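The exercises below are meant to be worked with the model open, and each one is followed by a solution that proceeds step by step. Please try each task before reading on.

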Amino acid sequence: MFSRLVQSHFSPKSILFPLSLPRFHFARNKMSGRSGKILDKTAGGKTSRSTKANLHFPVGRIHRKLRKSNYADRIGSGAPIFLAAVLEYLCAEVLELAGNAARENKKLRINPRHIMLAVRTDEEVIALLAHLPHSEHPLPVSFFSLAVEQAI
């Protein structure tokens, strides 16, 4: 088997073009239970759909929630992957804005106020959340205008 491996992966072409060497796919799982461990995708073990899609959000849980709720009779296999990717992107965007707000306030941790300031001051996020129903006790308009003035 080793001779077959040597013959197939180290041909004269691969010696001339070293970028064509075989690559092994490793993924780092950033979840709290397995932080720092490297998962070998080439091994015969089970890999989650989140790992296959290189996502941190749980694809299987989203698929289960879509099936349990009565949105549709049938749920495709790509729908929870796409939804997990969109949710992960939105969370990353809001957390980046909240991190910037925390840095402006000279804080090392993001607290709920930083998230609120990030959501209230970014025009793209405001446009995205414009059609959501409002809560019973929205923030006063004076606070919102103050936050917008500070951002400008």
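**Exercise 1.** Determine which residues Leu-66 is in contact with, leaving aside its neighbours within four places in sequence, and decide whether Leu-66 is buried or exposed.

*Solution.* Begin with the contacts in this predicted model: once the neighbours within four places in sequence are set aside, Leu-66 is in contact with Tyr-71, Ile-75, Pro-80 and Leu-83. Next, place the residue in the fold, where Leu-66 belongs to helix H4. Then turn to accessibility: Leu-66 has a relative accessible area of 15%, and because buried means under 20%, Leu-66 is classed as buried. As a last step, take the distance between C-alpha atoms, which is 9.1 Å for Leu-66 and Ala-79, although these two residues are 13 residues apart along the chain.

**Exercise 2.** Describe how helix H4 packs against H5, giving the angle, the handedness and the residues that meet.

*Solution.* Two packed helices are described by the angle between their axes and the distance between the axes. For helix H4 (residues 59-68) and H5, the axes come within 9 Å and cross at roughly 115°, and the crossing in which H4 passes H5 is right-handed. The residues come next: on the H4 side Val-59, Ile-62, His-63 and Leu-66 take part, and they meet Pro-80, Ile-81, Leu-83, Ala-84 and Leu-87 of H5. Sorted by character, the residues of this contact of H4 with H5 comprise eight nonpolar, one polar and no charged.

**Exercise 3.** Carry out the corresponding analysis for H5 and H6, and state which term describes the orientation of H5 to H6.

*Solution.* The axes of helix H5 (residues 79-104) and helix H6 (residues 112-121) come within 8 Å, with a crossing angle of roughly 115°. That angle makes H5 roughly perpendicular to H6, because angles of 65 to 115 degrees count as roughly perpendicular. The handedness follows as a separate step, and H5 passes H6 in a right-handed crossing. From H5, the residues Val-94, Leu-97, Ala-98, Ala-101 and Ala-102 take part, and their partners in H6 are His-114, Ile-115, Ala-118 and Val-119. In the contact of H5 with H6, eight residues are nonpolar, one is polar and none is charged.

**Exercise 4.** Examine His-114 and explain why His-114 counts as buried or exposed, then list what His-114 touches.

*Solution.* His-114 sits in helix H6. Its relative accessibility is 2%, so His-114 counts as buried. Not counting residues up to four places away in sequence, His-114 touches Ala-98, Ala-101 and Ala-102, together with Asn-105, Lys-107 and Arg-109.

**Exercise 5.** Contrast Val-125 with Glu-96 in accessibility, and find the C-alpha distance given for each.

*Solution.* Val-125 lies in helix H7 (residues 123-128), and at 9% relative accessibility Val-125 counts as buried. Leaving aside neighbours within four places in sequence, the contacts of Val-125 are with Leu-97 and Val-119. The C-alpha atoms of Val-125 and Val-94 are 8.2 Å apart, while the two residues are 31 residues apart in sequence. Glu-96, by contrast, has its place in helix H5 and is partly exposed, with a relative accessible area of 48%. Glu-96 and Ile-115 are 19 residues apart in sequence, and their C-alpha atoms are 9.5 Å apart in space.

**Exercise 6.** Find where Asn-54 and Lys-106 lie, and state what is notable about the phi angle of each residue.

*Solution.* Most residues other than glycine have a negative phi. Asn-54 is not a glycine, yet has a positive phi of about 60°; Lys-106, also not a glycine, likewise has a positive phi of about 60°. To locate them, note that Asn-54 is in the loop between helix H3 (49-52) and H4, and that Lys-106 is in the loop between H5 and H6. Finally, Asn-54 counts as exposed at 65% relative accessibility, and Lys-106 counts as exposed at 76%.

**Exercise 7.** State how many helices and strands the chain has, and what share of its residues counts as buried.

*Solution.* The chain has eight helices and two strands, arranged along the sequence in the pattern α-α-β-β-α-α-α-α-α-α. Of its 152 residues, 15% count as buried. The exposed area of the chain is about 12,900 Å², and carbon and sulfur atoms supply 59% of that area.

Methods: Residues numbered from 1 in each chain as written. Predicted model: local features only at pLDDT ≥ 70, side-chain atom pairs only at ≥ 80, totals over all residues. Heavy atoms only, no water. Axes fitted to C-alpha atoms, helices over the stretch in contact; angles between N-to-C directions. Helix = DSSP H or I, 4+ residues; strand = E, 2+ residues; numbered from the N terminus. Parallel < 35°, antiparallel > 145°, perpendicular 65-115°, else oblique. Left-handed = near helix turned anticlockwise from the far one by under 90°. Contact = heavy atoms within 4.5 Å. Nonpolar A, V, L, I, M, F, W, Y, C, P; charged D, E, K, R; others polar. Buried < 20%, exposed > 50% of the residue type's maximum accessible area, 1.4 Å probe, protein only. Areas by Shrake-Rupley, 256 points an atom, 1.4 Å probe, with all protein chains shown as cover.
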